[in-house]
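Student: Could you please take me through a structure that I have not seen before?
Tutor: Certainly; here it is.

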Amino acid sequence: MASSVLTDLPGTVEAANPYVTAQRQFDQAAAILQLDPGLRAVLREVRREFTVNFPVRMDNGSIRVFTGYRIQHNLTRGPAKGGIRYHPQVSLDEVKALSMWMTWKCAVTNLPYGGAKGGVICDPGQLSMQELENLTRRYASEISILIGPESDIPAPDVNTNQQTMAWIMDTISMEKGYSIPATVTGKPLSIGGSEGRPAATGRGVMVVTMEACKRLGWEPQQCSVAIQGFGNVGSVSADLLQGQGFKVVAVSDVYGGIYNPDGLDIPAVLAHHAATGRVGGFAGAREEISNSALLELPVTILIPAALENQFTMQNAARIQAKLVVEAANGPTTPEADDIFHQRGIVVVPDILANAGGVTVSYFEWVQDLQSFFWEEEEINARLTRIMELAYRQVDELAQQHRTTLRMGAYCLAVKRVADATAVRGIYP
Ligand code: NAD
């Protein structure tokens, strides 16, 4: 595997607790909605927290114990849904926050799911393929009492991919004695994956960016774009946005970024990245820049597509973009959000902007349950419809409550979950 994924994240300096951020965002929406105090108390906490410490046999024969989590924030509107992250900085509070954001994300797009998330504290760059497989299979086995097509369906997130999902699907299937493709989404096509899933989150980012530009009266050709993170989400977003006529001037990965004010040739950057494992060293770049410098470039649109806490009190006043599209989860602290609002910077919030992934995951799950598969054209068309509708509903609520798009999205989502909770009543 590649070298370490540890890095000098701008966010780790301030290290805002993502769960505190998630709860503050929820509290703000609950106040706008004048939510009943009982419902408020139910929805501001996760429902289930599961921690596992499990052994993995390493290539040199030794045994190492890893810690992982699977958190379910809410199950009211359907099975829990959410990705699995491998990263050295995974923490219980990070996974709790991500699970809560999944609940709101599924509700914003009106998918019949609750929210969950998983994570394992590890540095995948330091593990061999065999060690990663051992770790994944044992983690899947440990959380198997929670996951399954009717209860909780994992998907890829940071440092996990189709292969990881294939190992999880196989582990759960072997333990049951028969194949259960709908256990996870984001699988390879050959075992029940969906057309369009690998590109879905980036496609959704492209759709909401177009929607935002339409409302702001901007043409793609007039807009320059900088994207932080060149993984599944960032690289596809870059490619699709350039395809729509946007000028992508900067991209980065964990090792740093590249910048060319005249625009980068994204298919060529993709080829360079595939060959070398990083964007740095790309011949068509004017200069190499740090990740924090990328965020402060003079661009029209900024797309964080890496990790949390990238926009903080420290740098929010220096951001020059007019539009931020949150492809990553939780990239903006509440303090930075306030500064952006005061400065008139429009933020398309994560729970809307990156919902394309879970939307096509939902399509994958439906196809698996029916053993009947759709064509990519149909999937992309349905995805676009859902994202455009969600954007419109969020925008309307934001205007109605004279608030930000984030609070518009929260109002839409929290009300849907609150209504479902109220009508189901409290058991027993
Ligand atoms: P990934 O592992 O495929 O890619 C992550 C990228 O971020 C890599 O290019 C990595 O080098 C880079 N990176 C890591 N640390 C960085 C740093 N400090 N500065 C700059 N770049 C850094 O992960 P992904 O699936 O693309 O996820 C990215 C973000 O999108 C995460 O916040 C994730 O939760 C969110 N997200 C992913 C999906 C999905 O379908 N994969 C769906 C919704 C949201």
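Tutor: What follows is a short conversation about the overall form, three helices, some loops and the cysteines.

Student: Before we begin, what kind of model is this?
Tutor: This is a predicted model, in which local features need pLDDT of at least 70 and side-chain atom pairs count only at pLDDT 80 or more, while totals for chains, interfaces and linings use all residues. Residues are numbered from 1 along each chain as its sequence is written, and side-chain values use heavy atoms, with hydrogens and water left out.

Student: How many helices and strands does the protein have?
Tutor: There are 15 helices and twelve strands. Helices (H or I, at least four residues) and strands (E, at least two) are DSSP runs, numbered from the N terminus.

Student: What is the radius of gyration, and what would a compact globule have?
Tutor: The protein has 20 Å, which agrees with the value near 22 Å for a compact globule of 428 residues. The radius is taken over C-alpha atoms, and the globule rule is 2.2 Å times the number of residues to the power 0.38. Along the principal axes, the C-alpha atoms fill a box of roughly 55 × 55 × 45 Å.

Student: What share of the residues counts as buried?
Tutor: Of the 428 residues, 58% count as buried. Buried means under 20% relative accessible area, exposed means over 50%, and partly exposed lies in between (1.4 Å probe, protein chains only).

Student: And which share of the contacts joins residues 24 or more positions apart?
Tutor: Such pairs make up 70% of the contacts with a separation of 6 or more. A contact here means heavy atoms within 4.5 Å.

Student: Let us turn to helix 6. What should its span be?
Tutor: Helix 6 covers residues 162–176, and at 1.5 Å a residue its 15 residues should span 21 Å; the end C-alpha atoms are 21 Å apart, which agrees. The expected span is 1.5 Å times one less than the number of residues.

Student: What is found at its two ends?
Tutor: N161 caps the N-terminal end of helix 6, with a side-chain oxygen 3.0 Å from the backbone nitrogen of Q163. Such a polar contact is a pair of N or O atoms within 3.5 Å; within protein, one must be able to donate a hydrogen and the other to accept it, and residues adjacent in sequence count only if both atoms are side-chain atoms. After helix 6 comes G177, whose phi is positive, near 100°.

Student: Which elements do its buried residues pack against?
Tutor: They pack against strand 3 (80–87), helix 5 (129–142) and strand 5 (152–156). Among the buried residues are W167, I168 and S173.

Student: Is S173 buried or exposed?
Tutor: S173 counts as buried because its relative accessibility is 4%. Its side chain reaches the backbone nitrogen of I180 at 3.0 Å. Leaving aside neighbours within four places in sequence, S173 is in contact with Y178, S179 and I180.

Student: How does helix 14 compare with its expected span?
Tutor: The 25 residues of helix 14 (residues 376–400) should span 36 Å at 1.5 Å a residue, and its end C-alpha atoms are 36 Å apart, which agrees. Helix 14 is followed by R402, whose phi is positive, near 50°.

Student: And helix 11, which of its residues are buried?
Tutor: In helix 11 (residues 334–342), the buried residues are P334, A336, D337, I339 and F340. They pack against helix 2 (18–33), strand 11 (323–325), strand 12 (346–348) and helix 15 (405–424).

Student: Now the loops. Where does N159 lie?
Tutor: N159 lies in the loop between strand 5 and helix 6. It has a positive phi of about 65° although it is not a glycine, and at 34% relative accessibility it counts as partly exposed.

Student: What about N309: buried or exposed?
Tutor: N309 counts as buried, at 7% relative accessibility. N309 lies in the loop between strand 10 and strand 11, and its phi is positive, about 60°, although it is not a glycine.

Student: Finally, how many disulfides are there?
Tutor: The count comes to zero disulfides, a disulfide being a pair of cysteine sulfur atoms within 2.5 Å. For C106, the nearest cysteine sulfur is that of C411, 18 Å away. C106 is buried, with a relative accessible area of 0%.
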